Amino acid sequence: MATTLFFLLFFTPFLYSATAPNHNAPQDLVRSSCINASYPSLCLRTLSSYSSPTGTPRDLAQAAVKVSLARARKASTYLKTSVTGKSKRERAALSDCVEQMAESVDELSKTLSELKHLRGETFEFQMSNARTWVSAALTYEDTCVDGFEGVDREVKGDVKKKITNVAMVTSNALYMIRRLDESGGLNR
């Protein structure tokens, strides 16, 4: 009797904890996924609030693209409304950047749509599309910043800061898409 009582008192908490639902699973997925991202602290900061109750790699990839898309849209609006070029060269760089950010927004929008409609029979093709589109968005963002070489330091610095932040979250989104692809879409 004493042995049975000891067993129940000692092992019951361990048995319960092994079978109890893990309410921290989404946050654990965010942490374990962000640790190897291009920008881990930014990844953790931006995706912690986006984790859904299910917390799958697909949810995380979608959240990362949503963050990137939101920031790209915000930067695009900022470029259109708040930055003015003084010289012809600045105006040309700004105009090009506005176009490139519109392309980036388009690529990220297509990616998000693709991630929302993943299917087993076309998963590899869809993931290839997602990787390609996010890579293209990243290229547009980098090209935007490169276009400001030789431009007034203040304008260049302001634009570079905004677009570099977008590029960083886009890079993290690409990483999450690669992780989803490597998982084979498990727990989609």
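User: Before we get going, what makes a pair of cysteines a disulfide here?

Analyst: A disulfide is a pair of cysteine sulfur atoms within 2.5 Å. Keep in mind that this is a predicted model.

User: OK, so why are Cys34 and Cys43 called a disulfide?

Analyst: Their sulfur atoms sit 2.1 Å apart, and the cut-off is within 2.5 Å, so the pair counts.

User: What makes that one left-handed or right-handed?

Analyst: The torsion about the S-S bond of Cys34 and Cys43 comes out at about -65 degrees, so this disulfide is left-handed.

User: And how do you know whether Cys34 and Cys43 are buried or exposed?

Analyst: Buried means under 20% relative accessible area. Cys34 has 1%, so Cys34 is buried. Cys43 has 0%, so Cys43 is buried as well.

User: Why is Cys97 with Cys144 called a disulfide?

Analyst: The sulfur atoms of Cys97 and Cys144 are 1.6 Å apart. That is within 2.5 Å, so the pair meets the rule. The torsion about their S-S bond is about -50 degrees, so this disulfide is left-handed too.

User: What does the pair Cys97 and Cys144 tie together?

Analyst: Cys97 lies in helix H5 (residues 88-116) and Cys144 in helix H6 (residues 123-146), so the bond ties together parts that are 47 residues apart in sequence. Cys97 and Cys144 are both buried.

User: How many disulfides is that, and what is the pairing?

Analyst: The count is two disulfides. With the bonded cysteines numbered in sequence order, the pairing reads 1-2, 3-4.

User: On to empty space. What makes the second largest cavity count as a cavity?

Analyst: A cavity is a set of points where a 1.4 Å probe fits but cannot get out. The count comes to two cavities of 30 Å³ or more, and the second largest has a volume of about 40 Å³.

User: Which elements line that second largest cavity?

Analyst: Helix H3 (40-47), helix H4 (57-81) and helix H7 (153-182) each give two or more residues to its lining. H7 has the largest share, with three residues.

User: Why does the lining of the second largest cavity have no charged residues?

Analyst: Asp, Glu, Lys and Arg count as charged. The lining is Thr46, Leu47, Ala64, Val67, Val169, Asn172 and Ala173, so the split is five nonpolar, two polar and no charged.

User: What makes four residues of the largest pocket's lining charged?

Analyst: Among the residues lining the largest pocket are Arg71, Lys74, Lys161 and Lys162. Lys and Arg count as charged, so that gives the four. The rest of the lining is three nonpolar and one polar, and the pocket holds about 190 Å³ of space.

Key: Residues are numbered from 1 along each chain as its sequence is written. This is a predicted model: local features need pLDDT of at least 70, side-chain atom pairs count only at pLDDT 80 or more; totals for chains, interfaces and linings use all residues. Side-chain values use heavy atoms; hydrogens and water are left out. On a 1 Å grid over the protein atoms alone, a cavity is a set of points where a 1.4 Å probe fits but cannot get out, and a pocket is an open set with protein on both sides within 12 Å along at least five of seven lines; lining residues have an atom within 4 Å of a point. Grid points are joined across faces, edges and corners, and a volume is the space filled by probe spheres set on the points. Helices (H or I, at least four residues) and strands (E, at least two) are DSSP runs, numbered from the N terminus. Buried means under 20% relative accessible area, exposed over 50%, partly exposed in between (1.4 Å probe, protein chains only).
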